[in-house]
Amino acid sequence: MLFKRRNKPDLRERLRLALWPRRSVGRSLRYFGKRVLRLRATPHAIASGFACGIFAAFIPILGVHIAVALAIAWLIGGNVAAAVIGTTLGNPLILPFIWAATLEVGRFVMTGSLQGEPLPHHLGHMLRNLDISVLWGPLIEPMLIGAVPLGLLAAAIVYFPVRWAVAGFQHRRRHHHRHHHRVPEPT
């Protein structure tokens, strides 16, 4: 293969790249932004698909983000590629903050108070053993409940700027092609 790496990265290098991209975080964000702008669909479809991905990133269960984003995007007529790109919000640098916020919002929704029960002191042991029945009450249930309002809020916040940016980009692209790619009239 022409562009295949000579030396495959080991597990440590792959983990480092997942946490901190080779070039920079800013460059990676610009790349994803350009990918969204260049998608071929209506501004509404792209923005709604991206918003579906953002919403799905708030779900506290690893491994389901893309499936949820694709399903919701398909149901509402959003662009599925934009939905996949939107799930990149759920990356290892941002997930701890999302999880903390969904936990607190979920606990507030469930109890009606900001003074929720403290987390169990043996939480680390519970997480290492991944016993869902033990984790459900103190963690998973409130995080799932908190994910809905926070995910909807984040999706609504990103929808309008993404729609505006895509519409502007598509308008400039059409204008550029119309004025710079004219076929000369025969004389």
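Among contacts in the chain (heavy atoms within 4.5 Å) between residues at least 6 apart in sequence, 71% join residues at least 24 apart. The model is predicted, so that local features need pLDDT of at least 70 and side-chain atom pairs count only at pLDDT 80 or more, whereas totals for chains, interfaces and linings use all residues. Residues are numbered from 1 along each chain as its sequence is written, and side-chain values use heavy atoms, with hydrogens and water left out.

The secondary structure comprises 8 helices and 0 strands, where helices (H or I, at least four residues) and strands (E, at least two) are DSSP runs numbered from the N terminus. The order of elements from the N terminus is accordingly α-α-α-α-α-α-α-α. The chain has 187 residues, of which 29% count as buried; buried denotes under 20% relative accessible area, exposed over 50%, and partly exposed the range in between (1.4 Å probe, protein chains only). About 13200 Å² of the chain is exposed, and carbon and sulfur atoms supply 66% of this area. Accessible areas come from the Shrake-Rupley method with a 1.4 Å probe; for residues, only the protein chains shown count as cover.

A nonpolar core is a set of buried Ala, Val, Leu, Ile, Met, Phe, Trp, Tyr and Cys residues joined through side-chain atoms within 4.5 Å. The largest such core contains 19 residues, and those with the most contacts inside it are Ile-46, Phe-50, Ile-54, Phe-58, Ala-82 and Val-162. At least two residues of this core are supplied by each of α3 (43-57), α5, α6 (95-111) and α8. The largest share, 7 residues, comes from α8. Another core, of 5 residues, lies apart from it and includes Cys-52, Ala-69, Ala-73 and Ala-83.

Helix α3 is mostly covered, with 14 of its 15 residues buried. The end C-alpha atoms of α3 are 21 Å apart, in agreement with the 21 Å that its 15 residues should span at 1.5 Å a residue; the expected span is 1.5 Å times one less than the number of residues. Ser-48 is found in α3 and counts as buried because its relative accessibility is 5%. Beyond its neighbours within four places in sequence, Ser-48 is in contact with Ile-76, Gly-77, Gly-78 and Tyr-159.

Phe-58 touches Leu-89, Ile-98, Thr-102, Ala-147, Leu-150, Gly-151 and Ala-154, residues up to four places away in sequence not being counted. Of these partners, Leu-150 is placed in helix α8 (residues 132-180) and counts as buried, at 19% relative accessibility. With neighbours within four places in sequence set aside, the contacts of Leu-150 are Phe-58, Ala-101, Thr-102 and Val-105. Leu-150 and Phe-55 are separated by 95 residues in sequence, yet their C-alpha atoms are 7.9 Å apart in space.

On the surface, Ile-66, Leu-70, Trp-74, Leu-75, Ile-76, Val-80 and Val-84 make a nonpolar patch of about 690 Å². Patches are made of residues with over 30% relative accessible area and no salt bridge, like charges being joined within 9 Å and nonpolar side chains (Val, Leu, Ile, Met, Phe, Trp, Tyr) within 5 Å. A salt bridge is a side-chain nitrogen of Lys or Arg within 4 Å of a carboxyl oxygen of Asp or Glu. Helices α4 (65-76) and α5 (80-86) each supply at least two residues of the patch, and the largest share, 5 residues, comes from α4. Trp-74 is found in α4 and is exposed, with a relative accessible area of 66%.
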